[in-house]
Amino acid sequence: MTDQPGSGLPGNAVVPEARLAASVILLRDTPSGLEAFVQHRVSTMDFAAGMVVFPGGRVDPADHSGWDYAPELLHRHAADWQASSIGADSEDAARNAGTVLTAAIREVREEAGLGIDAGDLRPWANWITPIDMPKRFDTFFYVAKPSADMAPHHQTTEAWQSLWMPVEGILAAEAAGTLKLMPPTYYLLKEIAGYGTVDAVWSADHPVVPVLAPVGSLTAFLKERESRR
């Protein structure tokens, strides 16, 4: 795959394929407001090093089979993802939705030790890494409301800690320069903060509009935040 005219890349530059990935925004209500379960990635990672992220990762071959979700759930998710790459082919949309959902559930289990039910995840956003990045993902974000008796915990070597943090506190720490967020993490938390409760997020009228970040946007985003610190 090569870049298109006007892409901002040299004429013969090869654009890396955006690999399918899933990420889960685990939310809970507390007396002081919404909290999200986040991971502080180690500085040696080749992607999002030192950043605060949600549990997630790329879709694996095993995610394409072995699952048996209710047809109604798959069709609802496929409708939510209809504007995305996995919804482009209507005949495969439900199957693709099941594959990405399986990846999301698996990643939460592997990275946070939490077995979450498919019905407790809602499609929320789709972000695609800019075409000028050497490693690219087509990431499908879910919001999730795990039951109170199911507690995620830190168990991934990709992060040095994983914990519940106040959504407003994460944003305040980012503004103060004490932690770093990837652009999707920042904008999704800003959006979620406006809802106030898990139920408000869950019941919101929120169509998924895929975001292909423009060339140079990640570098500009990080430089802009460094300039404030």
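Modeller: Rings of Phe, Tyr and Trp (its six-membered ring) pair if their centres lie within 6.5 Å; planes under 30 degrees apart count as stacked, over 60 as edge-to-face and the rest as tilted. By that rule there are eight aromatic pairs here. This is a predicted model, in which local features need pLDDT of at least 70 and side-chain atom pairs count only at pLDDT 80 or more, while totals for chains, interfaces and linings use all residues. Residues are numbered from 1 along each chain as its sequence is written, and side-chain values use heavy atoms, with hydrogens and water left out.

Colleague: Thanks! What makes Trp-67 and Tyr-69 a stacked pair?

Modeller: Their ring centres are 5.5 Å apart and their planes differ by 20°. The distance is within 6.5 Å and the angle is under 30 degrees, so the pair counts as stacked.

Colleague: And why is the pair of Tyr-186 and Tyr-187 called edge-to-face?

Modeller: Here the centres lie 5.0 Å apart, with 80° between the planes. That angle is over 60, so edge-to-face is the right word.

Colleague: How do you know whether Tyr-186 is buried or exposed?

Modeller: We use relative accessible area: buried means under 20%, exposed over 50%, and partly exposed in between (1.4 Å probe, protein chains only). Tyr-186 has 14%, so it is buried. Tyr-187, at 41%, falls in between and therefore counts as partly exposed.

Colleague: Let's turn to charges. Why do Glu-35 and Arg-28 count as a salt bridge?

Modeller: A salt bridge is a side-chain nitrogen of Lys or Arg within 4 Å of a carboxyl oxygen of Asp or Glu. For Glu-35 and Arg-28 the N to O distance is 2.8 Å, so the pair qualifies. Side chains of opposite charge can pair when their charged atoms come close. The rule gives six salt bridges.

Colleague: What makes Arg-106 and Asp-60 a salt bridge?

Modeller: Their N to O distance is 3.4 Å, which is within 4 Å, so they fit the rule. This pair links distant parts of the chain, 46 residues apart: Arg-106 is in helix H2 (residues 93-112), and Asp-60 is in the loop between strand S4 (56-58) and helix H1 (71-80). Helices (H or I, at least four residues) and strands (E, at least two) are DSSP runs, numbered from the N terminus.

Colleague: Which residues are linked with those two in a network of salt bridges?

Modeller: Asp-63, Glu-107 and Glu-110 join Asp-60 and Arg-106 in that network. Within it, Glu-107 meets Arg-106 at 3.1 Å, N to O. Glu-107 has 7% relative accessibility, so it is buried.
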